[in-house]
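Reader: Could we go through this model together? I should like to begin with a sheet and then move to the core and the backbone.

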Amino acid sequence: MKRKHALDGVKIVDFGWIGVGPMTARELAWHGATVVRVETHRRPDPLRMGAPFREGKPGIDRSAFFTLANPNKYGISLDIAMPKGKEIAQRLIQWADIVAEGYVPGVMDKLGLDYESVRKIKPDIIYLSTSQQGQTGPHAQFQGVGLQTTSLAGFTHLTGWPDRGTGGVWGAYTDFIAPWYIIVCLLGALLYRKRTGKGLHLDNSQFEAAVTFLAPAILDYNVNRRVWNRRGNQHPYAAPHGAFPCRGADRWCAIAVFGDEKWRAFCDVIGNPEWTRDPRFATISGRKENEEELNRLVGEWTADFAAEEVVAMMQTAGISAGVVNKPSELFEDPQLKHRQHFQFMEHPVIGRHAYHAPAYRLSATPFEARMAAPCLGQHNEYVFKKILGMTDDEIANLLAERVITTDADLPEVGVVL
Amino acid sequence: MREKRKESLLGPYRVLDLTDEKGLLCGKILGDLGADVIKVEKPGGDAARNIGPFYKDIPHPEKSLYWFAFNLNKRSITLNIEAGDGRDIFRRLVRSADILLESFPPGYLDTLGLGYEGLKQINPKIILTSITPFGQTGPYAHYEGSDIVGWATSGMMHLCGNPDRPPVQITAQQAYCHTSAHAAVGTMIALHHREVSGEGQHVDVSIQESTLPCIMHAAEVWDMMGFNIPRLGDIFPSSRAGLPPLFMRVHWPCKDGQVTWLFGGAAVAGAVASTKALVEMANRYGMAMELKDYDWTTFDASTLPQEEYDRIAAIFTQFLETRTKAELYKEAVEKGIFLSPLNTAKEVSENDQLAARGFWEKVEHPELGDAITYPGAFVKLSQAPWKVWRRPPRIGEHNEEIYVKELGLSREKVLLLKQAGVI
């Protein structure tokens with residue numbers, strides 16, 4: 001029988017928190033893995049309380065920050081800090097191939113759901129712990145999020161202009177590095193388990209994963225004792241290279257001209273104005289030496305055109321260029337439309353809204369948008385009955401004991417993220 | 001050698017790596033986990049070997065630190081796949097391979113009969129992973145890309161930099177790193193499917209789409225609220241229900257640089273303790289002023305007027321400017337403050353936590369008479385760990401091993417092909 005998705009049959013219990021853990025499980029869920037996201041109303045995932053909400057109206061099931069990280073998963077509301085909740089968590093672990101958790105190190109130990117405890121009841125479990133700085137070491141308890149780790153790993157220092165403080169890296173940048181490394185390891189671990197029968201523990205430090213993206217800068221320091229600093233959009237051996245202003249409010253296009261041949265093609269595109277014949281710009285070393293003036297002149301030319309027009313002209317001549325897309329423009333980007341990057345699904349509370357497809361397309365086993373991210377506890381009945389085989393009475397008792405949590409268990413707090 | 005890698009996640013698999021800088025990291029990731037990754041370089045070596053920085057600043061294709069960084073744990077052969085003999089040899093290699101990584105323009109390999117359809121004839125189980133700026137098909141499929149264009153078209157660039165200056169990229173190649181990581185994910189998902197079903201497939205990776213996750217929830221903010229988040233430099237616009245966003249400082253000046261710190265109160269888990277601890281630190285130096293009088297347990301930024309926020313922020317600024325990055329970070333780790341320094345590569349290299357976890361890997365480069373310290377494991381594994389299996393290869397270092405010992409080519413033939421520019 002032909003399988004529909006690449007990861008049909010893979011089972012994951014997702015005890016994730018905020019970004020990295022949930023996004024890791026999300027990627028596998030797009031490809032058919034069955035993921036049960038375990039949450040509780042008593043300590044809701046901070047993303048559930050973070051904007052944006054549909055029409056700005058907050059609510060535990062209304063955050064598109066949360067849905068971003070959790071499509072195609074089953075969601076249950078279970079307090080695993082209560083003894084009966086822990087028991088049910090253990091039953092889910094028995095069912096699963098992979099356990100993923102992303103709390104500050106020590107939280108799962110206190111709950112008795114850490115790797116060492118879990119492997120006693122499920123010896124071949126593949127168990128992921130992800131945190132900002134890893135499970136061991138003097139800074140393991142670090143309280144920051146991806147925003148802080150982005151600075152710790154060196155990215156923030158390297159962003160912006162040399163005459164100023166940092167220009168800032170948007171968001172929790174390092175959260176968007178660790179998941180892909182983890183997924184490769186998790187899938188490798190499944191193959192390893194198939195060959196050897198052995199499970200394993202994955203200890204991911206998001207800091208460490210991120211540092212690998214700056215490996216050339218690290219090696220330059222380790223070998224040559226050179227420290228890299230931010231330098232706007234300068235490239236070591238391309239000019240012009242940067243973002244240039246275009247017609248309209250805050251509209252830009254990126255252009256990168258490598259080598260003299262592309263430079264001549266670039267000059268043809270812009271109609272060979274007088275200044276392009278300036279001998280200072282004839283060679284790459286001349287263009288690098290006079291880069292500031294070059295960028296100004298290029299910007300004066302681009303400013304008369306729409307970003308899309310500049311890109312079309314450049315690309316026709318084989319020059320690397322692209323629109324600096326605003327978030328709204330991503331929805332209209334012809335290439336993203338072609339790839340159906342935005343996948344629209346119907347959410348019970350938010351309504352029909354957009355999700356991001358994975359970055360790759362598989363020819364034989366495409367990903368599938370199967371269901372919107374869960375409301376808190378949306379799939380209690382399905383998971384407790386169909387996966388764990390509980391009876392209606394058992395479920396009713398757990399509800400009465402507030403082990404399965406409901407809106408009545410929500411804390412009262414404002415909303416800031 | 002293959003025997004030794006039983007204790008690795010990907011020991012049984014062979015990868016042919018035809019990528020340029022767009023995809024070099026992908027093969028390294030698979031090689032780090034034990035796969036036999038053969039970098040197929042054009043005769044004379046990969047063009048990416050000419051990218052700096054260089055060992056001791058000596059520009060030489062065997063001394064590129066850039067190339068070292070992304071080619072650890074690979075073997076290298078040189079082969080011109082456009083030459084008839086080169087193609088024949090390549091086809092033989094495809095028979096023993098599980099995965100082929102490439103980053104040519106769409107359609108290029110088809111012209112050599114080595115596109116997915118051609119490869120499938122040779123090895124039906126092969127997984128072909130193709131990395132391009134925008135994907136194999138679509139209106140931009142044949143557009144020229146570059147790292148900055150990936151950063152721009154993904155939407156990430158619009159969100160980075162100061163509001164009164166052009167949008168910026170990080171001063172280091174990033175879009176290609178994201179793409180390589182996503183390519184590794186797509187490849188592994190395809191490999192998993194193959195192990196269950198026996199079926200290979202084509203994995204089509206887009207640089208634009210690989211960089212896109214970095215924009216975090218910016219597209220959702222547009223989708224839900226019709227608002228385009230602008231780049232705000234060191235300010236973060238915290239969205240609030242029924243109120244204008246609160247513009248909060250994210251990066252603060254300190255005595256010897258900058259630190260990242262987002263302060264808050266009751267609404268954010270852990271934020272009360274974090275803010276309290278920094279106020280206590282300021283108080284030790286007699287600089288907490290009116291911050292002492294705030295009740296941080298009930299402090300709620302979701303209703304805070306901007307003017308009041310700015311007043312509080314000014315007091316914090318005055319204090320932070322008297323302390324160094326190291327002092328502040330030490331306190332942050334001990335007391336749970338959401339604060340980190342803006343580290344340089346030097347400070348990353350000297351970081352205590354990375355040292356304590358044994359993150360760094362000293363790799364011998366005998367031909368340089370030196371050892372180079374590399375970033376190590378991206379994930380620590382209790383079994384079958386990440387490992388340095390071999391230093392990055394020299395150009396065609398494994399030609400003999402693969403052409404003569406494995407494929408059984410005679411030395412005479414290798415000599416002929418070498419002179420003919422095939423290997």
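Reader: Which residue stands opposite B:Gln258 in β10(B)?

Author: In this predicted model, B:Pro253 is the residue opposite B:Gln258. Strands β9(B) and β10(B), the latter covering residues 257–261, run antiparallel and are joined by four bridges.

Reader: What packs on the sheet there, and which strands are touched?

Author: Helix α11 of chain B, residues 306–320, packs on the sheet and touches β9 and β10 of chain B. The direction of α11 makes about 40° with that of β9(B). Helix α12 of chain B, residues 325–335, also packs on the sheet, touching β9, β10 and β11 of chain B. The direction of α12 makes about 145° with that of β11(B).

Reader: And what is the strand order?

Author: The sheet is open, with three strands in the order β9-β10-β11 of chain B and antiparallel pairing. Its edge strands are β9 (251–254) and β11 (339–341), each of which pairs on one side only. From one strand to the next, the twist averages 35°.

Reader: Turning to the largest nonpolar core, which residues touch the most other members?

Author: They are A:Val99, A:Leu186, A:Cys253 and A:Ala254, in a core of 252 residues. Helix α7 of chain A (residues 178–196) gives the most to this core, with 12 residues.

Reader: What does A:Val99 touch?

Author: Leaving aside residues up to four places away in sequence, A:Val99 touches A:Val13, A:Phe15, A:Ile93, A:Val118, A:Ile125, A:Tyr127 and A:Leu128.

Reader: Where are the cis peptide bonds you would point out?

Author: One is the bond from A:Ala51 to A:Pro52, with omega near 10°. A:Pro52 sits in the loop between β2 (34–39) and α2 (64–68) of chain A. Another is the bond from B:Gly52 to B:Pro53, with omega near 5°. B:Pro53 belongs to the loop between β2 (36–41) and α2 (65–71) of chain B. Most peptide bonds are trans.

Reader: Phi of A:Arg225 is positive; is this residue buried or exposed?

Author: A:Arg225 counts as exposed because it has 9 C-beta neighbours inside 10 Å, and the limit for exposed is 12 or fewer. Its phi is near 55°, and its loop runs between α9 (215–224) and β7 (241–245) of chain A.

Reader: And B:Ala384, buried or exposed?

Author: B:Ala384 is buried, with 24 other C-beta atoms within 10 Å. Its phi is near 50°, also a positive value in a residue other than glycine. B:Ala384 is in the loop between β14 (380–381) and α15 (399–406) of chain B.

Terms used: Residues are numbered from 1 along each chain as its sequence is written. Chains are lettered from A and ligands numbered from 1 in the order in which they are written. This is a predicted model: local features need pLDDT of at least 70, side-chain atom pairs count only at pLDDT 80 or more; totals for chains, interfaces and linings use all residues. Two strands pair if DSSP finds at least two bridges between them. Helices (H or I, at least four residues) and strands (E, at least two) are DSSP runs, numbered from the N terminus. Axes are lines fitted to C-alpha atoms, for helices over the stretch in contact, and angles run from 0 to 180 degrees between N-to-C directions. Two residues are in contact if their C-beta atoms, placed from the backbone, lie within 7 Å. A nonpolar core is a set of buried Ala, Val, Leu, Ile, Met, Phe, Trp, Tyr and Cys residues joined through C-beta atoms within 7 Å. A residue is buried if 20 or more other C-beta atoms lie within 10 Å of its own, exposed if 12 or fewer, and partly exposed in between; C-beta atoms are placed from the backbone.
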